[in-house]
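Thanks for joining, everyone. I would like to walk through a few local features of this model, beginning with the cysteines and then moving on to one helix and some backbone details.

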Amino acid sequence: MTCDYIQLATPGVQGLTPYVPGKPVEELERELGIANIIKLASNENPLGPSPKALAAITQHLNELTRYPDGNGYRLKQALSRHLGVSAEEITLGNGSNDILDLLARAYLTPESEAVYAQYAFAVYPISVQAVGARHQVAPARDYGHDLAAMRERINDHTRLVFIANPNNPTGTWLTQDALEAFVSDMPERVLVVIDEAYAEYVEAPGYASMLPLLQRFPNVVITRTFSKAYGLAALRVGYSVSHPDVANVLNRVRNPFNVDIFALAAAEAVLNDHDYLQRSLACNRAGLAQLADGFSALGLPYIPSVANFISVQLGPDAGEIYQALLHKGVIVRPLAGYAMPEHLRVTVGTEAENARCLQALQDILAERRAQ
Ligand SMILES: *Cc1c(COP(=O)(O)O)cnc(C)c1O
């Protein structure tokens, strides 16, 4: 081979490392030959899909040969009613991840910059570096976003700011007041992307979506997903709400059929399944408390979380404990890739799954003490 195809990639891409997803159940089955595995590694909904979403998918099976509605008319109408915004403000994405990429592709160049926080969602650096743009990483405070530090990194080159509220993998969150002050102080040419992937779960006082502030702040872009509280991670469907001109721009660069027929139908159906959403939130509320109490009982510090996961601090042996959990059939998420090597992130599961994870952790810690 005379060509180095790695060296031929753009400089930004050469600097990337691939996103590491939670280990799939089937992979662990293959590797260890064990059964009865639980996966609490990808912030997935533990309840299984909404029956209404399943019924909607079934109704569209015969359309497999057809391209989907590239404009997602029906889902946009449903979202428009649900959110109280106009359809022109909505952009549908192949997961909200798609929207993050579209924003980077549409607004960043190698001469411009994006700002995000230390410990912020791992997709931001990937989206930014893939288009060759520069990034400024603001140090975190108590694992959460330090808005003052982020503000300091805004300069004439800045085009995008990414803020996950709540943030993954830390579960930390910002009040609407704090974000309002941050956005008020932002030049209008800087788009502030508020990633609300976990917004449905949050019950903390002072927390609220930025949606009501969109009219006042045309540079705010809100992203949401059907992957978490709505339980449709496999289908890949999310959306943004923004100024119509921003939506217009994203519409120019997106893949023409970026959301498939089943995703469109299931998302529309689950949006009206209030019972499913309420069950998701109740399960999560109880599960967060169960995990937090369990970690406390084991004397393990954790980062207080308002999302559907919680990151627990296990010290320098976290990597070994992760492996030991795998051998007991419990998949969680190591955070070494986030430069948090002492933490493991545990997704809230069903009551039984949370109990099994806590028991496995207790057994592993006892075994290690006995050695
Ligand atoms: C899970 C997650 C998303 C959503 O990803 P999808 O592509 O919509 O599945 C977005 N942002 C954050 C912070 C997440 O954790």
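Cys357 is buried, at a relative accessible area of 1%, and, since what we are looking at is a predicted model, please take every value I quote as computed from its coordinates. What is the closest cysteine sulfur to that of Cys357? It belongs to Cys283, and the separation is 14 Å, which is too far for a bond, because a disulfide requires the two sulfur atoms to be within 2.5 Å. Cys3, by contrast in its setting, is partly exposed, with a relative accessible area of 32%. A search over the whole structure returns 0 disulfides.

Cys283 brings me to helix H11, where it is listed among the buried residues. H11 covers residues 274-297, which makes 24 residues, and from its first C-alpha to its last it reaches 35 Å, close to the 34 Å expected at 1.5 Å a residue. An α-helix has 3.6 residues a turn, so residues three or four places apart point the same way. With that in mind, have a look at the buried positions of H11, which include Tyr276, Leu277, Ser280, Leu281, Asn284, Gly287, Leu288, Leu291, Ala292 and Phe295. What covers these buried residues of H11? The cover includes two helices, H10 (261-271) and H13 (351-370), together with the strands S9 (302-303), S10 (309-313) and S13 (343-347). Just after H11, the backbone at Gly299 adopts a positive phi of about 75 degrees.

Let me turn to the peptide bonds, and in particular to the loop that runs between strand S5 (158-164) and helix H8 (176-184), where Pro166 lies. The bond joining Asn165 to Pro166 is cis, with omega at about 0 degrees. Pro169 is found in the loop between S5 and H8 as well, and the peptide bond leading into it from Asn168 is also cis, although here omega is near 15 degrees.

Finally, which residues have a positive phi without being glycine? One of them is Asp142, with a phi of about 50 degrees, situated in the loop between strand S4 (134-138) and helix H7 (147-152), where it counts as exposed at 70% relative accessibility. Another is Arg236, whose phi is about 60 degrees; this residue sits in the loop between strands S7 (220-225) and S8 (238-241), and at 30% relative accessibility it counts as partly exposed.

Note on methods. Residues are numbered from 1 along each chain as its sequence is written. This is a predicted model: local features need pLDDT of at least 70, side-chain atom pairs count only at pLDDT 80 or more; totals for chains, interfaces and linings use all residues. Side-chain values use heavy atoms; hydrogens and water are left out. Buried means under 20% relative accessible area, exposed over 50%, partly exposed in between (1.4 Å probe, protein chains only). Helices (H or I, at least four residues) and strands (E, at least two) are DSSP runs, numbered from the N terminus. The expected span of a helix is 1.5 Å times one less than its number of residues. Contact means heavy atoms within 4.5 Å.
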